[in-house]
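Here is a guided walk through one protein model, written to be read with the structure open beside you. Take your time and turn the view as you go.

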Amino acid sequence: MLRIALIGCGFFARNQMFAWRDIEGAELVAICDQDPARLARAGEEFGIARRYSDAAALFAAGGFDIVDIATTVGSHHALVAQAAQAGVHVICQKPFARSLTEAREMVDMIEKTGKLLMVHENFRWQSAVRRVIDLLRAGEIGEAFFGRISFRSGYDVYSGQPYLAEGERFIIEDLGIHLLDIARALFGDVSRISATTRRVNPAIRGEDVATMQLLHLGGVTSVVDCSYATRRQDETFPQSLIEIDGTLGSLRLDAGYRLTLSRPGAARQEDVSPPLLEWAERPWHNIQESVQLIQQHFIDCLHRGEAPETSGRDNLQTFALVEAAYLSAREGRALAPDSL
Ligand code: NAD
Ligand code: 89Y
């Protein structure tokens with residue numbers, strides 16, 4: 001049995017705790033939060049007796065194999081450093097770090113211990129997105145030459161996550177990061193990126209609209225666009241819509257989880273709606289399912305002795321795209337992410 005300690009019992013961690021509850025061979029044995037009310041609520045709901053208000057006390061007490069860090073980004077570096085000291089495997093929420101320098105240090109720290117480090121980059125694990133990845137990799141549309149990953153919504157994310165309205169950076173770091181990771185899962189690493197950003201909502205501090213163009217090393221051009229300022233009748237939150245054109249056909253993941261594979265003279269449609277897990281709630285159920293799947297992936301990787309898809313080292317590439325997109329938007333020029 002793999003024993004898990006989770007740090008940060010806030011808005012999103014509840015999903016992670018439900019997922020651990022349902023994963024065979026894993027057990028959530030301890031939780032930690034600086035906020036006593038949140039700690040008590042999570043402890044009661046999930047029946048966890050070992051509760052800590054201080055991460056240092058949790059690490060000192062030990063008795064777990066994996067730490068699942070579900071705090072916001074400001075605490076990640078310090079907590080990963082403590083995890084390295086304790087010699088445990090680590091899962092850390094996105095955005096992984098405040099800067100690329102910090103992210104690189106965190107990867108180095110855990111690699112030195114020989115333990116696994118995965119960034120909780122779950123959007124590529126959504127079953128609808130996964131189906132697109134699988135069809136593309138199976139060669140169903142030949143060689144891809146164009147892609148678009150799009151997420152446009154007017155959903156009020158600020159009520160559940162008030163900190164999103166307060167940061168100098170918002171949508172690329174919070175949400176675009178997932179879409180950039182999907183673009184990498186589909187088309188591989190990126191040689192050049194350019195971006196524009198804009199704040200539409202005057203009540204927030206960062207940008208709530210971003211449009212990015214990527215040139216992938218294999219030759220695909222992709223557009224990654226996201227908005228939390230898009231008001232329309234048919235709200236699609238939190239669906240990522242995907243278009244891919246290939247030499248033999250095209251793939252479309254449209255609103256309502258409708259997937260179309262088209263080839264000349266023929267089109268095949270699939271309903272790729274995610275299952276509604278027993279503890280999940282619409283419209284978040286696609287994200288919630290992906291939490292279960294990525295945590296299962298981590299456990300499978302531990303058993304097989306393999307690096308997870310979104311290992312810390314892999315995630316340095318996604319994080320570099322985030323940094324490059326902000327710099328590109330600020331300076332009005334395209335950038336090579338590996339120059340950062
Ligand atoms: P939150 O503010 O609701 O919860 C964070 C919790 O961590 C708080 O209860 C806080 O008291 C606690 N905390 C902070 N620093 C701590 C420390 N050093 N020791 C102990 N406890 C500490 O935030 P949230 O909305 O749950 O977001 C958490 C992370 O999850 C963020 O990085 C966010 O980007 C990410 N997130 C990911 C997804 C996804 O789909 N992957 C979705 C939403 C949020
Ligand atoms: O924090 C974000 C995430 O990772 O997925 C959706 C979200 O909750 C709001 O943009």
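Let's begin with one acidic residue. Aspartate 314 has a relative accessibility of 18%, so it counts as buried, the cut-off being under 20%. Please keep in mind that this is a predicted model.

**A charged network**

What does aspartate 314 pair with? Its partner is arginine 184, and the closest N and O atoms of this salt bridge are 2.9 Å apart. The pair ties together distant parts of the chain, since aspartate 314 belongs to helix 9 and arginine 184 to helix 7, with their positions 130 residues apart in the numbering.

Arginine 184 also forms a salt bridge with aspartate 181, where the closest N and O atoms are 3.8 Å apart. These two residues both sit in helix 7 (residues 171-187), three residues apart, which is about one turn of the helix. Is arginine 184 buried or exposed? It is buried, with a relative accessible area of 9%. Aspartate 181 is buried too, at 0%.

Another link is the salt bridge between the side chains of glutamate 309 and arginine 130, at 2.5 Å from N to O. Here again distant parts of the chain are joined: glutamate 309 is in the loop between helix 8 (285-304) and helix 9 (312-331), while arginine 130 is in helix 6 (residues 127-137), and the two are 179 residues apart. Glutamate 309 is partly exposed, with a relative accessible area of 23%, whereas arginine 130 is buried at 15%.

Now for the wider picture. Side chains of opposite charge can pair when their charged atoms come close. The residues met so far belong to a network of salt bridges that links Arg124, Arg130, Asp181, Arg184, Asp189, Glu309 and Asp314. Across the whole structure there are 27 salt bridges.

**A neighbour in helix 9**

Arginine 313 also lies in helix 9. This residue is partly exposed, with a relative accessibility of 41%. Leaving aside residues up to four places away in sequence, arginine 313 touches Val107, Asp108 and Glu111. With aspartate 108 there is a polar contact from side chain to side chain, at 3.4 Å. Where the backbone is concerned, arginine 313 and arginine 104 are 7.9 Å apart from C-alpha to C-alpha, although 209 residues separate them in sequence.

**Around ligand 2**

Which residues surround ligand 2? They are Lys94, Phe123, Val157, Gln161, Asp174, His178, Tyr228 and Trp284. Polar side-chain atoms of Lys94 come to 2.8 Å from a ligand oxygen. For Gln161, a side-chain N or O atom is 2.7 Å from an oxygen atom of ligand 2, and for Asp174 the corresponding distance is 2.5 Å. Taken alone, ligand 2 exposes 270 Å², and the protein buries 94% of that area.

**Strands and hairpins**

Finally, have a look at the strands. Strand 8 (residues 190-198) runs antiparallel to strand 9 (residues 209-216), and eight bridges join them. Within this pairing, isoleucine 193 stands opposite leucine 214 of strand 9. Strand 9 is also joined to strand 10 (residues 221-227), in the antiparallel sense and by seven bridges. There, methionine 212 has valine 224 in strand 10 as its bridge partner.

Further along, strand 12 (residues 250-254) and strand 13 (residues 258-263) are antiparallel and joined by five bridges, with arginine 252 opposite threonine 260 in strand 13. Strand 13 then pairs with strand 14 (residues 266-271), again antiparallel, over six bridges. In that pairing, leucine 261 has arginine 268 of strand 14 as its bridge partner.

Three hairpins are worth a look at their turns, each with a glycine of positive phi:

| Hairpin | Residues between the strands | Glycine and its positive phi |
|---|---|---|
| Strand 9 and strand 10 | four residues | glycine 219, about 105° |
| Strand 12 and strand 13 | three residues | glycine 256, near 80° |
| Strand 13 and strand 14 | two residues | glycine 265, about 80° |

Terms used: Residues are numbered from 1 along each chain as its sequence is written. Chains are lettered from A and ligands numbered from 1 in the order in which they are written. This is a predicted model: local features need pLDDT of at least 70, side-chain atom pairs count only at pLDDT 80 or more; totals for chains, interfaces and linings use all residues. Side-chain values use heavy atoms; hydrogens and water are left out. Two strands pair if DSSP finds at least two bridges between them. A salt bridge is a side-chain nitrogen of Lys or Arg within 4 Å of a carboxyl oxygen of Asp or Glu. Buried means under 20% relative accessible area, exposed over 50%, partly exposed in between (1.4 Å probe, protein chains only). A residue is near a molecule or strand if one of its heavy atoms lies within 4 Å of it. A polar contact is a pair of N or O atoms within 3.5 Å; within protein, one must be able to donate a hydrogen and the other to accept it, and residues adjacent in sequence count only if both atoms are side-chain atoms. Accessible areas come from the Shrake-Rupley method with a 1.4 Å probe; for residues, only the protein chains shown count as cover. Contact means heavy atoms within 4.5 Å.
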